[in-house]
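Please open the model in your viewer, set it to a cartoon view with side chains hidden, and keep a selection box at hand. Each stop on this tour gives a selection to make and then says what is there.

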Amino acid sequence: MHKSVLLNECIKYLNIDENSIIVDCTLGYGGHSGEILKRLDNGHLYSFDQDMDAIKYSDEYLKKISNNYTIIKSNFVNIKEKLSDYNVTSVDGILYDLGVSSPQLDEADRGFSFHKDAALDMRMDKTQKLTANYVVNNYTYEELVDIFYKYGEEKYSNSIAKGIINNRPINTTLQLVDVIRNNVPSKYAREKHPARKIFQAIRIEVNDELNVFEKSLYDSLSLLNVGGRLCVITFHSLEDKICKKIFKEVTEVKNELKNLPIIPDEYKPNYKIVKVLQPTQEEISTNPRSRSAKLRVIERVK
Ligand SMILES: C[S@@+](CC[C@H](N)C(=O)[O-])C[C@H]1O[C@@H](n2cnc3c(N)ncnc32)[C@H](O)[C@@H]1O
């Protein structure tokens, strides 16, 4: 089952009151959405997910709590358009708990796990066209090297890409793991699982994870009411870098104005950083998936 990460912290920093309008961009198995919903007597929760399995499960769970919610089956990159379909143009809180859920990882046939044999898939949205199989069997050597460096930060990107090209067709996750293992030094393969970074890279490519997150984050910031908060949980440095960069950009006075003795109100930033935190040792010991998590919280101040 999926154990929600940094659950109490998100609830605390979202500052929910009974009338709040809250958006959960990553419904998953409903852990965060459920706790949010319990606090909304007159407010409303809009929860996004692109995975129908997650939506079916969470709908059953949420309806036992209350009716004050709407599930939107969509990529969160469409947050603005989809909310405007419900005449929602501003909200009081937004949450992202990025990445895949434990059930997505555990279900072998989704092809996310390098421990379980499955067809190469890795789509969060099973109706999407691009699959891991297409990436592995059709991308050029240069394209593979590029995504392995960029999205996996894998130092053996070149030799792994060459191995993939020489062993095509590669149809299953464990076939791919073998190719990776055979194309890195054996000492390296013994240190950490050698497929970890390559699977991350292919998953990011298949779901276009970094680009959709970046675009959506700007839209989410613009949807916040004054006093509204946005919480983002990231699980690796590439996601966190994007979040940190955008939060910095919107909370700092522009460089060219920094030296003014008094900053006019209209040039002061519209947002302020509220908190950056990581799970406690206690949470990490009961939920190892939280190990690499980081929560960033920002608030709209004007
Ligand atoms: C880590 S899980 C969320 C878990 C959830 N907070 C809970 O407590 O159960 C991430 C979920 O977000 C979904 N997801 C990831 N990226 C998405 C995107 N760009 N658009 C919509 N859903 C996305 C995944 O399908 C997955 O179900």
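The tour of this predicted model goes from the sheet to its helices, then to the cores, the ligand and a few backbone details.

**The sheet**

Begin by selecting the seven strands, which form an open sheet of mixed pairing in the order S3-S2-S1-S4-S5-S7-S6. At the edges stand strand S3 (69–73) and strand S6 (271–277), and because each has a single partner strand, one side of each is left without a neighbour in the sheet. Looking across the strands, you will find neighbours turned by 15° against each other on average, direction ignored.

Next, select S6 together with strand S7 (residues 294–300), a pair that runs antiparallel and is joined over six bridges. To find one of these pairings, display Lys272, whose bridge partner in S7 is Glu299.

**Helices on the sheet**

Now add helix H1 (residues 7–14), which packs on the sheet and touches strand S1 (21–24), strand S4 (91–97), strand S5 (224–234), S6 and S7. The direction of H1 makes about 165° with that of S5. Helix H3 (residues 52–63) also packs on the sheet, where it touches strand S2 (44–49) and S3, and its direction makes about 175° with that of S3.

**Strand S4 and its partners**

Select S4 alone: is this strand mostly covered or mostly open? It is mostly covered, since seven of its seven residues are buried, that is, each has 20 or more other C-beta atoms within 10 Å of its own. With S1 it pairs in the parallel sense over three bridges, and Ile22 stands opposite Gly93 in S4. With S5 it again runs parallel, this time joined by six bridges, and here Leu95 stands opposite Cys231 in S5.

**The nonpolar cores**

Show the side chains of Ile22, Cys25, Ile94, Cys231 and Ile233, which have the most contacts inside the largest nonpolar core, a set of 48 residues. The element that gives the most to this core is S5, with five residues. Centre the view on Ile233 and, leaving aside its neighbours within four places in sequence, you will find it in contact with Val5, Leu6, Tyr96, Asp97, Leu98, Ala293 and Leu295. Apart from the largest core lies another, of 28 residues, which can be located by selecting Val136, Tyr156, Ile198 and Val206 among its members.

**Around the ligand**

Which residues are closest to the ligand? Of the 22 that surround it, the closest are Ser4, Thr26, Gly28, Gly31 and Asp97. Helix H2 (31–38) and S2 each supply at least two residues of this shell, and the shell as a whole divides into eight nonpolar, 11 polar and three charged residues.

**Backbone details in the loops**

Finish with three places in the loops, bearing in mind that most residues other than glycine have a negative phi, and that most peptide bonds are trans. Select Arg168 and Pro169, between which the peptide bond is cis, with omega near 0°; Pro169 lies in the loop between helix H8 (157–166) and helix H9 (173–181). Then go to Asn15, in the loop between H1 and S1, which has a positive phi of about 55° although it is not a glycine. Asn15 counts as partly exposed because it has 15 C-beta neighbours inside 10 Å. Lastly, Glu153 in the loop between helix H7 (141–152) and H8 has a positive phi of about 50°, again without being a glycine, and its 14 C-beta neighbours inside 10 Å make Glu153 partly exposed.

How values were computed: Residues numbered from 1 in each chain as written. Predicted model: local features only at pLDDT ≥ 70, side-chain atom pairs only at ≥ 80, totals over all residues. Pairing = 2+ DSSP bridges. Helix = DSSP H or I, 4+ residues; strand = E, 2+ residues; numbered from the N terminus. Axes fitted to C-alpha atoms, helices over the stretch in contact; angles between N-to-C directions. Contact = placed C-beta atoms within 7 Å. Near = placed C-beta within 6 Å. Nonpolar A, V, L, I, M, F, W, Y, C, P; charged D, E, K, R; others polar. Core = buried A, V, L, I, M, F, W, Y, C linked by C-beta atoms within 7 Å. Buried ≥ 20, exposed ≤ 12 C-beta atoms within 10 Å, placed from the backbone.
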